[in-house]
Each structure stands twice: as C-alpha cells, then as structure tokens.
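Reader: I have a structure with a ligand in it. Can we go through the binding site step by step?

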Amino acid sequence: MRHLIDPRDFSAEETAALLALAQRIKQQPEAYANVAERKKLATLFYEPSTRTRLSFEAAMLNLGGRTLGFPAEQVSSASKGESIADTVRVVGCYADIIAMRHPKEGAPLRASQFSPVPIVNAGDGGHNHPSQTMLDLMTILERKGRLDHLTIGFCGDLKFGRPVHSLVKKLSGRPGIRFCFISPEELRIPGYLAEEVLRPTETPFEETDSLEASLPTLDVLYMTRVQRERFFNEEDYVRLKDTYTLTREKLSAAPADMPVLHPLPRVGEISLDVDDDPRAAYFDQVRNGVYMRMAILMALLGLNDPLTGEKVIAC
Ligand code: NCD
C-alpha cells in the first residue's frame, strides 16, 4: 500500500506518469467517469480549506466514486480527545482512501503508520502539501513545456508557506533549476530547507527582499499569502502582510512568458488587474488541481488507466 505524505514519495518516473495521466484525463475526462465506481474517499480536515477539500471530493465524484468526511476539527471526535491513530483506524473501515489536512506537522505521516487504507497529506502545518505540488508541476509544465532549466521566484511568506516548502523539495536537484527567494527578512525560508534540501542537492538559490529587481530574471513567479494562522502575534502579521503586491504595472518588467502562480487564497498580494494578463496562471492551477487529484486517487487506489490498461504506479 502506498501513501502520499511527502512530495518526494513519488519517484521521478512515477511523477512523470502521474503528470501524463492528469493530462490524459484533462483531454478525455469521460473515459475516466467510472473507474472508481463503489470506491469511497474520506476527507478529514482539521484546518480550513476551500480548494483542497472540494477538489479532492470533486475528483472522486468525477471518477464515479463517493465521498464522506468532516470539514473542521470541532465537528469530529478529535474535539473529544481522540488520537489520530484511532481516528484513521476507524475511518479506514468506512472508506478506501483518506485525504487529511492537519495543523500539526507530521500528523498525516503518523496517520499513515496506523491506517488500513492509503493516506494523502492534504497539508500539514507549514510542512508539506504534495497534491498542491503535483498540480503546480502540471501548470508549470503546461506553461513552460519543461520542468528543468528554470529560474523560479517564490515571493511572500517563505517561512510558513507549505506549498513553497513542498515545491522546493520536489524540484531541488533537477537539472538547471535555480530558486530566487523573495521575502522580508523575518519570512525567509526555514534553515532546514537550505541545510537538508538545497545544499545537499547543490541547488543554486539567492535570497532577496526586492520583487521589482527580481522580476526580469525569472522564468516562473510563485506568489504566496502571509500565513496569518501560523504567526505568534497579530502585530507581526499586520506589519508584514502587505509587503508585496503584484500589480499589472510591476508585471510589465517581467518576461512575456513568465507564468504567475499562487496556491490561493490570495488576500491582496496579487491585485485584480493582473487577472486578465495572459501570464496569470492561478486559475489554471485550480482547474488542473481536479485532474491531478483524479490521477493521484487512481494511483493510490491501484486502479488501471482505462486508456492504457495499466496501473498508474506500482502499489
Ligand atoms: C494553501 C494551503 O493551504 O497551504 N492553499 C491551498 O491548499 N491551495 C495556501 C494557503 O493557504 O495560503
């Protein structure tokens, strides 16, 4: 049985196979309408979510399956003190696969050690968000035609933003990948990412606080929201929240083919006048998220692709 906890849980070959499958699903969704008939997905969300929970549910419904779950800790037995281990042992009797979001880093990993069914980490604290990473890769690949030889700028809250940490882990060490980390001093990438991921894979990166100066040098820009819920005090959040706002005017200094990604929700870091720019790719990410999550569910459920007759990955 396979789980998806860390974005590197899928090998390079498996990642390529999943990207290809998500693209096939996008071209021909009707061919996949019944592949998960009678399968059930449970969404266990201990933290707020709009896209991730609903797109996992939409993905399962699109595959012909069904869904159950809870959208907040307060309405689950966690509020009575039940452990993660017991919860997944129980929910594993009701569902064939579980998507879990949790404020504690490592909670989905712990769940995977007790669960009788596959666990997908749908975001754990400031740590990982592997399904987001996969849909980010799909969007970058569509826009740029490659996942190598790219300078990727990450801008905003690089300290707490799990989509950033997760994508950096996945792309580090690929040929010609360089990162430009744009943030205020207090919101720089965590030390472990530099020490345990970037340096060992010899991935070149620079850190700066200037979005304007970086824009002309980037192939891809990944904007992020300042993660209010992970701050220790409100004053720091208020001081830092508006550090960067990408506007149409600023974008004029960027390459004409530089996609702008954002995991969403945005709360002011991309102004509305950017939405009509052809470089705005954040709603593509939302659309791709459903196809990619269909591919991930198929892979972890061990289903055959009806178009190739083969399993997506070895389970
Ligand atoms: C992100 C998350 O939850 O980490 N949202 C998402 O899943 N698309 C980003 C965020 O909340 O800022």
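Reader: Which residue has a backbone N or O atom 2.9 Å from a nitrogen atom of the ligand?

Author: Keep in mind that this is a predicted model. The contact uses a backbone N or O atom, and its partner is a nitrogen atom of the ligand. The two lie 2.9 Å apart, and the residue is Pro263.

Reader: How much of the ligand does the protein bury?

Author: Start with the ligand taken alone, which exposes 320 Å². The protein then covers part of that area. The buried share is 94%.

Reader: Which side chain has an N or O atom 2.8 Å from an oxygen atom of the ligand?

Author: Two side-chain contacts are worth checking here. Thr52 places a polar side-chain atom 2.9 Å from an oxygen atom of the ligand. The 2.8 Å distance belongs to the side chain of Arg225.

Reader: Where does the ligand lie relative to the domains?

Author: The space taken by the ligand is the largest pocket. Domain 1 (12-129 + 288-301) gives residues to the shell, and so does domain 2 (130-285). The ligand therefore lies between domain 1 and domain 2.

Reader: Which helices each supply at least two residues of the shell around the ligand?

Author: The residues around the ligand include Arg51, Thr52, Arg162 and Pro163. Arg51 and Thr52 fall within 51-62, and Arg162 and Pro163 within 162-171. The helices are α2 and α6.

Reader: What is the omega of the peptide bond from Leu264 to Pro265?

Author: Leu264 and Pro265 are both among the residues around the ligand. Pro265 is in the loop between β9 (260-261) and α11 (282-301). Most peptide bonds are trans. The bond from Leu264 to Pro265 is cis, with omega near 5°.

Methods. Residues numbered from 1 in each chain as written. Predicted model: local features only at pLDDT ≥ 70, side-chain atom pairs only at ≥ 80, totals over all residues. Heavy atoms only, no water. Near = heavy atom within 4 Å. Polar contact = N/O pair within 3.5 Å; in protein donor to acceptor, adjacent residues only side chain to side chain. Areas by Shrake-Rupley, 256 points an atom, 1.4 Å probe, with all protein chains shown as cover. 1 Å grid on protein atoms, 1.4 Å probe; cavity = no way out; pocket = protein on both sides within 12 Å on 5 of 7 lines; lining within 4 Å. Sits in = over half its atoms within 2 Å of the grid points. Helix = DSSP H or I, 4+ residues; strand = E, 2+ residues; numbered from the N terminus. Domains from an automatic or database assignment.
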